[in-house]
Amino acid sequence: ASQPRKSSAPKAFAFARFSFESLGASCAALLSRGEMRVVFVALAAQLASALDDELCGGARIFVYDLPRFAPNATAKARKTPLWDIADSNNSRKTRTALRNPNSGSAFGFPCASVWDGCRRLEFLGMGPRFELEGMQLYDTTQFALDLLAIRFINMFCRTTSLADANLFYIPLPVAELQELGRKRKLMPGEGIAYMESVKAFLSSQPAWQQGEPHFVVLPETAFQYEGEGFGDFLHHGFALKNPFWASVTFVTIEGAAKHPNLLSVPYPTTLHPRTERDLETWLKVLASTPQSPRAVLIAGEKFHDDGIRSQIIDACNAEPLCHFEPVKNRRGAKEPSLNFTQTAVSLYLSSTFSLQPAGDTPTRKGFFDSLVAKCIPIVFHGGRLEAPPEPWWLERTYGAAYARYFSGEESWIKKVALVAESVDDAMRLVRETPPEVISRLQRNILDLLPSLLYWNTIATDTSSASVHRNVFTRMLRRLMSKRDAK
């Protein structure tokens with residue numbers, strides 16, 4: 001089931017195409033010759049292919065081998081990595097082999113060059129592992145979407161046949177280029193020249209010329225790719241508004257709702273179940289962990305938002321039913337430490353509410369980590385406390401940005417979260433929300449939970465009922481629906 005498939009029938013789900021009659025005739029012939037073992041092998045292969053097709057929403061994805069980036073500034077320091085997360089063969093190595101990925105790479109970039117270093121690539125993008133309440137959880141960075149996407153595609157949906165493919169994935173390494181820029185290792189013009197080589201490569205491909213559906217997974221928010229970078233050292237050469245990309249669909253953790261080719265999906269969380277039993281164990285943890293009636297605010301103390309973040313922190317510190325936990329990053333790192341991630345999950349598990357103020361953009365990973373812990377998020381109307389928020393900001397708030405993914409309606413947010421009009425209103429919601437409202441919201445959260453998960457594809461039980469609601473299956477169904485509508 002984990003091998004890239006060479007061929008499969010088009011469109012609709014596999015179970016609708018599965019011919020038990022033809023398989024039964026074949027099995028009868030084999031049985032008549034006493035070849036019982038062959039019967040079971042044939043049946044297992046058919047069922048495995050069917051399950052993979054359902055996981056992929058009918059998509060058979062061809063992954064381009066893009067031109068590799070060879071930066072002048074770091075060419076001498078580069079070595080050929082032992083494995084790359086985008087390689088369809090190497091990505092199926094065991095977790096033990098990938099536990100120490102210091103010699104690995106992401107899309108051709110050594111792990112030391114990518115966001116948050118080699119730590120980000122541990123366990124094929126899930127990050128360092130830790131145990132809490134008997135569950136294996138992962139310190140997954142908020143910008144791991146591209147790593148988790150290529151892993152899922154390699155395990156279940158990848159085809160090596162151009163003729164068989166009905167969806168085409170462009171593994172564009174924009175995050176890696178940005179990180180080289182942040183580290184001042186991207187020379188002026190290098191990013192632009194590389195992106196031009198990618199465009200030339202794609203323009204020469206038959207599927208591109210024929211207008212076949214293509215998609216790109218952006219690991220950061222779409223806001224980061226509105227322009228082609230900031231200054232020479234961050235000039236990565238990619239911009240959503242560039243006409244070259246007009247027909248490409250972009251998947252991101254946050255994007256403008258009105259952009260016709262943007263699909264926003266949930267931020268990766270700490271929970272990546274391997275099987276249905278893992279999910280059931282987590283649900284038991286949620287049911288058995290006592291929740292205080294308090295709210296928890298997990299945020300950085302220093303933030304350039306004109307004092308609005310400090311207003312929320314001050315209000316939380318003054319409210320007996322609110323606990324403020326300042327984010328503690330590892331020294332010199334962009335992401336919190338592993339110990340702090342464990343602390344954050346424990347706080348969400350033991351709290352009824354969480355305060356989720358905006359940052360550089362309206363959404364944050366903590367919102368989804370809170371939901372996974374059955375902790376009700378409190379967000380702020382319009383995403384900001386200013387009145388009125390700018391239109392571009394409103395398009396990226398939770399209700400608008402994820403409406404296409406969840407239900408098509410912006411009101412989905414009110415089924416699982418509370419919306420405060422002000423800081424004082426947020427404190428009022430903590431004190432006065434009735435028990436019946438809390439119960440209703442938490443029931444809705446539990447119902448939504450499978451749709452927030454990326455799953456541990458190394459050991460995923462593909463027969464699980466819940467795994468077919470995972471983020472990538474829902475994403476691929478959307479992409480295939482868009483393809484079939486053309």
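Start by selecting arginine 274, which is partly exposed, with a relative accessible area of 26%. This is a predicted model, so treat each stop as a feature of the prediction. Arginine 274 sits in the loop between strand E10 (262–264) and helix H8 (276–288). Now add threonine 457 to the selection: the two residues are 183 apart in sequence, yet their C-alpha atoms are 6.9 Å from each other in space.

**A buried arginine**

Next, go to helix H4 (residues 145–157) and pick arginine 151. Which side chain of opposite charge is nearest to arginine 151? It is aspartate 278, at 11 Å, and arginine 151 has no salt bridge although it is buried. Show the backbone of tryptophan 455 as well, since that is where to look next. The side chain of arginine 151 reaches the backbone oxygen of tryptophan 455 at 3.4 Å.

**Charged pairs**

Side chains of opposite charge can pair when their charged atoms come close. How many salt bridges does a search of the whole structure find? The search finds 10, and here are some to display.

Begin with aspartate 164 and arginine 60, whose closest N and O atoms are 3.1 Å apart in a salt bridge. Aspartate 164 is in the loop between H4 and strand E7 (167–169), while arginine 60 is in the loop between helix H3 (36–55) and strand E1 (61–63), so this pair ties together parts that are 104 residues apart in sequence. Are these partners buried or exposed? Aspartate 164 is buried, at 9% relative accessible area, and arginine 60 is buried too, at 6%.

Then select arginine 431 and glutamate 319, whose side chains meet in a salt bridge at 2.7 Å, N to O. This pair also links distant parts of the chain, 112 residues apart: arginine 431 belongs to helix H15 (residues 423–432), and glutamate 319 to the loop between helix H9 (308–318) and strand E12 (322–326). Switch on a surface and look at each partner in turn. Arginine 431 is partly exposed, at 44% relative accessibility, whereas glutamate 319 is buried, at 9%.

For a pair within one helix, move to H11 (residues 365–372), which holds both aspartate 369 and lysine 365. The two are four residues apart, about one turn of the helix. Their salt bridge brings the closest N and O atoms to 2.8 Å, and both residues are buried. To finish with charges, select Arg120, Asp146 and Glu176 together: salt bridges that share partners join them into one network.

**The largest cavity**

Rolling a probe the size of a water molecule over the atoms shows where empty space is left. The structure holds four cavities of 30 Å³ or more, and the largest contains about 80 Å³ of space.

Which residues line the largest cavity? Select these to see its lining:

- Leu167, Pro213, His214, Phe215 and Ser247 are among the lining residues.
- Thr249, Leu479, Lys482, Arg483 and Lys486 also line this cavity.

Strand E8 (214–217) and helix H17 (471–485) are the elements that give two or more residues to this lining. H17 provides the largest share, with three residues. Try colouring the lining by residue type: it divides into four nonpolar, three polar and three charged residues.

How values were computed. Residues are numbered from 1 along each chain as its sequence is written. This is a predicted model: local features need pLDDT of at least 70, side-chain atom pairs count only at pLDDT 80 or more; totals for chains, interfaces and linings use all residues. Side-chain values use heavy atoms; hydrogens and water are left out. Buried means under 20% relative accessible area, exposed over 50%, partly exposed in between (1.4 Å probe, protein chains only). Lys and Arg count as positive and Asp and Glu as negative; His and the chain ends are not counted. A salt bridge is a side-chain nitrogen of Lys or Arg within 4 Å of a carboxyl oxygen of Asp or Glu. A polar contact is a pair of N or O atoms within 3.5 Å; within protein, one must be able to donate a hydrogen and the other to accept it, and residues adjacent in sequence count only if both atoms are side-chain atoms. On a 1 Å grid over the protein atoms alone, a cavity is a set of points where a 1.4 Å probe fits but cannot get out, and a pocket is an open set with protein on both sides within 12 Å along at least five of seven lines; lining residues have an atom within 4 Å of a point. Grid points are joined across faces, edges and corners, and a volume is the space filled by probe spheres set on the points. Ala, Val, Leu, Ile, Met, Phe, Trp, Tyr, Cys and Pro count as nonpolar, Asp, Glu, Lys and Arg as charged, and the others, Gly among them, as polar.
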